[in-house]
Amino acid sequence: MNIAVVGLSHKTAPVEVREKLSIPTPQTESAIAHLCSYPHIQEVAILSTCNRLEIYIVATETENGIREVSQFLSEYGKIPLQDLRQHLFILLHQDAVTHLMRVASGLDSLVLGEGQILSQVKHTHKLGQQHNGIGRILNQLFKQAISAGKRVRTETSIGTGAVSISSAAVELAQMKATNLAAARVCILGAGKMARLLVQHLISKGANRIAIANRSLESAQELAKQFPDTPLQLYLLQDMGQVIAESDIVFTSTSATEPILNRAKLEVILAPGQPLMLFDISVPRNVDADVNELSHVQAFNVDDLKAVVAQNQESRRQMAMEAEVLLEEEVETFDVWWRSLDTVSTIRNLQDKVESIRAQEMEKALSRLGSEFAEKHQEVIEALTRGIVKKILHDPMVQLRAQQDIEARKRAMETLALLFNLETEVKSSRQYG
C-alpha cells in the first residue's frame, strides 16, 4: 500500500480552472464512490476548498492509482487530460504526508497561518469516514494531521493576527475605495466567510452593511453576532435592489454558477453607476464578463495575492518554528506506518496461541468433570488468557518498536519460522 496526493491549488492553477474542479459537500459521496471503484485505489479522501482540491489515496500500485485519479479529475472537470496535467501536483508517501501536515497547519495557505483550513481538514476526515472512503491508513494520517494543525496553533504564534481570505478582501477593498467607512456595502451570503467579512468591515469603520442571503434565518443568526452594528437583512432574490443602492459588493455564496453577470448588472445599475465587486467564492459568483462594463471593477480570490504578500514576511519566522513541530508529527506517523508491517505477523501469532489455549483448556475441563468445569470455567478462562497475554506482551512490544526495517523484517521471519505461522498478507482496509 502506498499513500499519494494528486491535486491543484492557488499555487498551480488559476481560479477559472479551480472552480471547474471544486467538489461541494453534496457531491463528495458520489465522487468517493467513483474513485473507490477504480481497481488500484483502496482509500480516498477529498479536500476541496476555495484555494485547493486535493485527493488523497492509498493505492495498491502507485502509478496506476495516480493515473486513475487524474482521469477522474479530467472527466469531472471536463478538462482534457493534456491541458489539466500542467496544473496538477503529485506527491508520494512521505512528501504527501508532510504536505497534509503543512496544509492542516496553514503553512500552505494563500494566507500563511490562516485558521479556517484546519476545520476544512476535519470536515474532509469526517466525510471520508461517513462515505466509506477513509480506511485504516488515511484515518491515522488525518488524525495525525489534525493533531499537527492544533499543535502549530497552540505552540507557535503563526495564527496571531493572521489574516483570512475575508480580511484580505476587506484590505483590498480599503486599498481600492477612497473611504471604506463611508461606503454602502452589500454582502451576498451569510456563512462563515460572510461573518468574517462583517467583522473586518466593522473594524475598518464600515457601518452601512447589508446582507442578502437565500435564507433569512441564517442572515438573522449572523446579525445576532454583531448587536452593536445595525445590519440590513434581505433575501437573495432581492439582491438587485440592494446592489443598486451599494458602492461595494462582496460575494461569498455556495452557488455553483455565477449569480451576477454583465447582463444582470446592466439592468440593476444606472448608466455609468460605479460599483466594486469582490468575489471570494470558488466556484466564482461573478462572471468574468462584468469586466466589460467600464464603471464596474471586479476582483476575485486570485487578486488577493498582492495584499497577502504584505503580511507574509512577518510570519515567515513563525512558519520556520512550525516546520520543526511538523517534522516530529511526520516521524510519529512514519513510526506507525512502519509498524503496519508487523500487524499480520502479530495477528497470526495471537491466533495460533489462542487456538492452542482454547484446545488445551477444553481438554483440561473435560478431565475435571462437568460439575467442576461449570463452577470454575470463568476463573480458568481468565487465568489462561492472562498467561497468554503476558507471554506475548514483550515480543509484540519489541516488534512494533523496532525501527530498523531490516532488523524488523528478520524478527518477523524468525517468529514466523519458530511458531510455523501463516504469512499471507491480509487487507488493511478497516477503520483504525
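# Exercises on a predicted model

Val-286 lies in the loop between β9 and β10 (helices, H or I with at least four residues, and strands, E with at least two, are DSSP runs numbered from the N terminus). The model is predicted: local features need pLDDT of at least 70, side-chain atom pairs count only at pLDDT 80 or more, and totals for chains, interfaces and linings use all residues. Residues are numbered from 1 along each chain as its sequence is written, and side-chain values use heavy atoms, with hydrogens and water left out.

## Exercise 1: a loop residue

Task: State whether Val-286 is buried or exposed, and list its contacts beyond neighbours within four places in sequence.

Solution.
Step 1. Take the relative accessible area of Val-286, which is 8%.
Step 2. Apply the cut-offs: buried means under 20% relative accessible area, exposed over 50%, and partly exposed in between, with a 1.4 Å probe and protein chains only. Val-286 is therefore buried.
Step 3. Look for contacts, meaning heavy atoms within 4.5 Å. Setting aside neighbours within four places in sequence, Val-286 touches Thr-251, Pro-258, Leu-260, Leu-277 and Asp-279.
Step 4. Compare sequence with space for one further pair: Val-286 and Phe-250 are 36 residues apart in sequence, and their C-alpha atoms are 10.0 Å apart.

## Exercise 2: backbone exceptions

Task: Find where the cis peptide bond between Val-282 and Pro-283 lies, and place the positive phi values of Lys-78 and His-93.

Solution.
Step 1. Recall the background: most residues other than glycine have a negative phi, and most peptide bonds are trans.
Step 2. Read omega for the bond from Val-282 to Pro-283; the angle is about 5°, and the bond is cis. Pro-283 belongs to the loop between β9 (275-279) and β10 (296-299).
Step 3. Turn to Lys-78, which is not a glycine yet has a positive phi of about 55°. Lys-78 sits in the loop between α3 and α4 (81-84), and with a relative accessible area of 74% Lys-78 is exposed.
Step 4. Do likewise for His-93, another residue other than glycine, whose positive phi is near 30°. His-93 is part of helix α5 (residues 93-104).

## Exercise 3: salt bridges

Task: Describe the salt bridges of Arg-52 with Glu-54 and with Asp-108, then that of Glu-292 with Arg-262.

Solution.
Step 1. Fix the criterion: a salt bridge is a side-chain nitrogen of Lys or Arg within 4 Å of a carboxyl oxygen of Asp or Glu. The structure holds 21 of them.
Step 2. Take Arg-52 and Glu-54, whose N to O distance is 2.7 Å. Arg-52 is buried at 4% relative accessible area, and Glu-54 is buried at 0%.
Step 3. Take Arg-52 and Asp-108, with an N to O distance of 2.8 Å. Arg-52 is in strand β3 (residues 52-59) and Asp-108 in the loop between α5 and α6 (116-130), so this pair ties together parts 56 residues apart in sequence. Both Arg-52 and Asp-108 are buried.
Step 4. Take Glu-292 and Arg-262, where the closest N and O atoms are 2.8 Å apart. This pair links distant parts of the chain, 30 residues apart: Glu-292 in the loop between β9 and β10, and Arg-262 in helix α12 (residues 262-268). Glu-292 is exposed at 53%, whereas Arg-262 is partly exposed at 28%.
Step 5. Follow shared partners: salt bridges join Lys-11, Arg-52, Glu-54, Arg-102, Asp-108 and Glu-323 into one network.

## Exercise 4: two helices

Task: Classify the angle between α2 and α6, and name the residues in contact.

Solution.
Step 1. Use the axes, which are lines fitted to C-alpha atoms, for helices over the stretch in contact, with angles from 0 to 180 degrees between N-to-C directions. The axes of α2 and α6 are 10 Å apart, at an angle of about 50°.
Step 2. Classify: under 35 degrees counts as roughly parallel, over 145 as roughly antiparallel, 65 to 115 as roughly perpendicular, and the rest as oblique. Therefore α2 is oblique to α6.
Step 3. List the contact: Thr-25, Thr-28 and Ile-32 of α2 meet His-123, Leu-127 and Gly-128 of α6.
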